[in-house]
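This report is a short guide for a reader who is meeting the structure for the first time. Please look over the sequence and the 3D view before reading on.

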Amino acid sequence: MEKIFKYIDYIEKAGIVAGLTVMVVMNFLNVICRFFLPQTPFSYTEELTNLIFIWITMLGISLGYRTYSHTGLSMITDQLPKNIQIVFAIFAAFCSIALMVIVIQSGMGTVMNQLKFNTKFPGLKISRVYGSIAMPVGAVLISFSSIYAAVLTVRSAKKNKETGDEKII
């Protein structure tokens, strides 16, 4: 399991870095061309930026869950006994997965409609599905990351209970 998540972690980080790099370079070139040229050759920059932003957001959320960078109530939960912290970790994972099931269903509905009506980005001339598919794919990744974070929290709490250490993760 650790090896799989290291591979997923690498792919997510590489995707985020590549996406941000493309967004920055394209927007920079677009601004420069707009300043110096009467008509910009990058009419599709806004569409490409939106497309990449969706993917970066979903990958970033998944990565945030696995690295405990998400917005949790750690100020409160860290003060609780270890057994209660385990319960909160499992409850948080359950709630996250429940929300991601809704996101998957909604995202797949959007993808199906876009396939049915063959919607395309006007500037890029590619299907809008490439952006919409990020929602269900990201939701699946987020679900796995949520489970992984909960498992690590439970393991850490059990290990700390044996050693008498107060800090979890």
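Which residues are linked in a network of salt bridges? The members of that network are Asp9, Glu12, Lys13 and Arg66, and the sections below take up their surroundings after a word on the model itself.

## The model and its confidence

The structure is a predicted model, and the protein chain has an average pLDDT of 90, with 95% of the residues scoring at least 70. Among the elements of the chain, the lowest mean pLDDT, 78, belongs to helix α3, which covers residues 74-77, whereas the highest, 96, belongs to helix α5, which covers residues 129-132.

## The salt-bridge network

The count of salt bridges in the model comes to 4. One of them joins Asp9 to Lys13, with the closest N and O atoms 3.3 Å apart; both residues lie in helix α1, where a spacing of 4 residues places them about one turn of the helix apart. The two partners are covered to unlike degrees, for Asp9 is buried with a relative accessible area of 18%, while Lys13 is partly exposed with a value of 42%.

Another salt bridge in the network is formed by Arg66 and Glu12, whose closest N and O atoms are 2.4 Å apart. Because Arg66 lies in helix α2 (residues 45-66) and Glu12 in helix α1, this pair ties together parts that are 54 residues apart in sequence. Both Arg66 and Glu12 are buried, and for Arg66 the relative accessible area is 7%, so the residue falls under the 20% limit for a buried one.

Arg66 also meets Asp9, since a polar contact of 3.3 Å joins the side chains of these two residues. A further relation of Arg66 concerns Phe144, which is 78 residues away along the chain, although the C-alpha atoms of the two are separated by 9.0 Å.

## A salt bridge between the first and last parts named here

Outside the group described above, Arg155 forms a salt bridge with Glu2, and the closest N and O atoms of this pair are 3.6 Å apart. The pair links distant parts of the chain, with Arg155 in helix α6 (residues 134-163) and Glu2 in helix α1, 153 residues apart. Arg155 counts as partly exposed at 45% relative accessibility, and Glu2 likewise counts as partly exposed, at 36%.

## A nonpolar surface patch

What residues make the nonpolar surface patch of about 720 Å²? The patch is made by Val25, Phe28, Leu29, Ile32, Phe35, Phe36 and Leu37. Ile32, one of these residues, lies in helix α1, which covers residues 2-36, and with a relative accessibility of 33% Ile32 counts as partly exposed. That value is over the 30% that a residue needs in order to belong to a patch, so Ile32 meets the accessibility condition.

## Cysteines

How many disulfides does the structure hold? The number is 0. As for the surroundings of two cysteines, Cys33 is buried, with a relative accessible area of 14%, whereas Cys95 is partly exposed, with a relative accessible area of 34%.

## Two residues with positive phi

Most residues other than glycine have a negative phi. Against that background, Asn118 stands out, for this residue is not a glycine and yet has a positive phi of about 50°. Asn118 is placed in the loop between α4 (82-117) and α5, and a relative accessible area of 48% makes the residue partly exposed.

Lys125, which is not a glycine either, has a positive phi of about 60° and lies in the loop between α4 and α5. Is Lys125 buried or exposed? Lys125 is exposed, because its relative accessible area of 61% is over the 50% limit.

Technical notes
Residues are numbered from 1 along each chain as its sequence is written. This is a predicted model: local features need pLDDT of at least 70, side-chain atom pairs count only at pLDDT 80 or more; totals for chains, interfaces and linings use all residues. Side-chain values use heavy atoms; hydrogens and water are left out. Patches are made of residues with over 30% relative accessible area and no salt bridge: like charges are joined within 9 Å, nonpolar side chains (Val, Leu, Ile, Met, Phe, Trp, Tyr) within 5 Å. Accessible areas come from the Shrake-Rupley method with a 1.4 Å probe; for residues, only the protein chains shown count as cover. A salt bridge is a side-chain nitrogen of Lys or Arg within 4 Å of a carboxyl oxygen of Asp or Glu. Buried means under 20% relative accessible area, exposed over 50%, partly exposed in between (1.4 Å probe, protein chains only). A disulfide is a pair of cysteine sulfur atoms within 2.5 Å. pLDDT is the predictor's confidence in each residue, from 0 to 100. A polar contact is a pair of N or O atoms within 3.5 Å; within protein, one must be able to donate a hydrogen and the other to accept it, and residues adjacent in sequence count only if both atoms are side-chain atoms.
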